[in-house]
2 protein chains.
Amino acid sequence: MEPRKTVPVVTDNSCPHRHNVNCGDCRMKALCLPLALELDEVEQLDRIIQRGRPYQRDEHIYRAGDAFHAVYAVRSGAIKTFAMTDQGVEQVTGFYLPGEIFGMDGIAHTHHISSALALETAAVCEIPFTRLEDLSIALPSLQRHFFQLMSREIINDQRLVALIGKNSADERLATLLISISTRNAKRNLSEQRFRLPMSRADIGNYLGLTVETVSRVFSRFQKQRLLKVDKKEIEILDLSGLQELANV
Amino acid sequence: MEPRKTVPVVTDNSCPHRHNVNCGDCRMKALCLPLALELDEVEQLDRIIQRGRPYQRDEHIYRAGDAFHAVYAVRSGAIKTFAMTDQGVEQVTGFYLPGEIFGMDGIAHTHHISSALALETAAVCEIPFTRLEDLSIALPSLQRHFFQLMSREIINDQRLVALIGKNSADERLATLLISISTRNAKRNLSEQRFRLPMSRADIGNYLGLTVETVSRVFSRFQKQRLLKVDKKEIEILDLSGLQELANV
DNA sequence: CAGCGTGATTGACGCACGTCATGGCGCCAA
DNA sequence: TTGGCGCCATGACGTGCGTCAATCACGCTG
């Protein structure tokens with residue numbers, strides 16, 4: 001019943017997409033929960049969180065137009081969020097890795113204005129929003145945590161604006177790669193070697209570039225011995241060189 | 001004592017920068033307060049809000065590095081927020097008009113990571129954040145309102161990413177002008193004629209363009225009889241034509 | 001195994017916008 | 001008044017990236 005097609009084998013015997021795991025036992029809790037929560041408070045939060053079966057690649061978690069009723073935390077796999085302009089042009093608004101929260105742009109309205117899609121098999125915690133609001137009143141540190149999460153999302157988006165508005169294709173891609181590398185490190189994965197969960201087209205869309213340009217920059221980075229690229233497998237050969245490009 | 005240098009004369013006898021006005025009497029309350037608040041709840045909010053003297057043009061409301069302790073509502077005038085990249089390049093992150101809230105990107109940290117500057121004489125309500133958090137626990141509709149405000153900020157930033165990443169200089173400037181026009185209409189000002197509070201350089205910075213390009217696009221729009229431009233005074237001659245360009 | 005479709009790469013070419021430089025206008029101070 | 005400065009406009013020129021098109025590698029299915 002557990003899909004594991006695109007799933008790397010893990011050393012312990014638990015499947016990374018197991019969905020019957022509570023917050024207290026979740027390997028990601030340090031990333032998505034406020035540190036200040038007491039044990040019994042975590043349990044309270046735990047009780048409102050819903051965990052369905054894992055999503056398969058290309059399955060939607062929600063679609064633009066769906067009624068908004070929850071925000072989501074990634075437990076495994078990877079998610080992309082995207083909006084459609086009224087001319088039907090897709091705009092990728094974010095990539096979300098385990099421990100990260102998505103769907104906060106839906107809070108402003110009764111219906112989602114963007115969509116979320118599993119880029120690979122992914123387990124997701126659903127956090128019903130009205131119940132989160134209620135619980136936030138009882139647990140001030142939870143309220144604060146969510147304000148901070150949303151604020152961080154704003155900062156990220158502003159950084160993306162600056163990146164796209166002021167930087168070259170090389171700098172944009174370098175910055176994305178460094179971002180993924182850093183986020184991997186936070187999850188105790190390799191920051192040098194990883195697999196990109198998204199296509200070249202998604203990368204280009206996200207960074208305001210065409211597929212062709214993304215492809216060319218990857219080739220250029222290989223020639224400059226910054227990277228080793230094998231399809232979606234990335235090995236960073238010169239981390240500091242890449243960081244320099246990324247202005248980080 | 002009341003500065004009114006750049007201030008247009010208003011028909012009623014109150015100066016738009018008067019700062020001794022409580023929320024209940026504020027002309028902007030429909031824009032920045034939750035509609036659902038009871039009268040006595042507005043008064044509770046009112047008591048925590050601080051209103052200092054108006055800021056003069058080019059005065060900072062806060063600077064990157066300052067301790068974060070409040071978010072702000074514009075009561076009159078106009079504010080720009082901006083960040084510096086570590087190479088000292090400025091990135092304008094937003095323009096805020098009366099009734100709009102700014103400073104929410106500071107919530108994630110103990111210190112501001114961006115700065116806010118008065119583009120013209122401006123009155124501002126300071127909302128101490130820890131007291132807002134406390135009050136949000138007592139007033140659930142206030143909590144919800146702030147979640148929604150932050151969500152809207154996220155959506156705006158995402159739209160800006162799409163605008164800069166996918167649209168031409170003409171489309172970007174048209175979109176900004178339509179945005180300001182629409183926001184003016186919400187404040188019962190003319191949506192056809194208004195004064196831009198920011199410089200060409202700020203516009204270009206915000207939209208990911210150079211000053212020269214902004215200037216050329218303004219000239220082009222005039223030749224196409226979309227606008228009449230006299231320095232910062234803008235008259236929209238063909239609103240629907242501009243909207244078409246702006247994809248709105 | 002052939003045949004197809006999807007994603008990625010690479011090349012040739014053109015254009016929108018950046019860069020650099022010049023000049024005008026309004027404002028302020030001396 | 002004169003000079004200096006900030007802001008804006010406009011022209012000439014160069015280039016980074018988009019566009020169009022061809023090819024390749026692959027996984028899937030019949």
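A residue is taken as near a DNA strand if its C-beta atom, placed from the backbone, lies within 6 Å of that strand. In this predicted model, 16 residues surround DNA strand D. The closest of these are A:Ser168 and A:Thr213 from chain A, together with B:Arg200, B:Ser215 and B:Ser219 from chain B. At least two residues of the surface near DNA strand D are supplied by each of helix H7 (211-223) of chain A, helix H6 (200-207) of chain B and helix H7 (211-223) of chain B. H7(B) accounts for the largest share, five residues. By class, this surface near DNA strand D comprises five nonpolar, six polar and five charged residues.

DNA strand C is likewise surrounded by 16 residues, of which A:Arg200, A:Ser215, A:Ser219, B:Ser168 and B:Thr213 come nearest. Helix H6 (200-207) and H7 of chain A, as well as H7 of chain B, each contribute at least two residues to the surface near DNA strand C. The largest share here, six residues, is provided by H7(A). Six nonpolar, six polar and four charged residues make up the surface near DNA strand C.

The two protein chains also touch one another, in a contact that takes 36 residues from chain A and 36 residues from chain B. On the side of chain B that touches chain A, the elements giving two or more residues are strand E5 (90-96), helix H3 (129-138) and helix H4 (140-166). H4(B) gives the most to this side, with 19 residues. The side of chain B that touches chain A divides by class into 16 nonpolar, twelve polar and eight charged residues.

Conventions:
Residues are numbered from 1 along each chain as its sequence is written. Chains are lettered from A and ligands numbered from 1 in the order in which they are written. This is a predicted model: local features need pLDDT of at least 70, side-chain atom pairs count only at pLDDT 80 or more; totals for chains, interfaces and linings use all residues. Two residues are in contact if their C-beta atoms, placed from the backbone, lie within 7 Å. Helices (H or I, at least four residues) and strands (E, at least two) are DSSP runs, numbered from the N terminus. Ala, Val, Leu, Ile, Met, Phe, Trp, Tyr, Cys and Pro count as nonpolar, Asp, Glu, Lys and Arg as charged, and the others, Gly among them, as polar.
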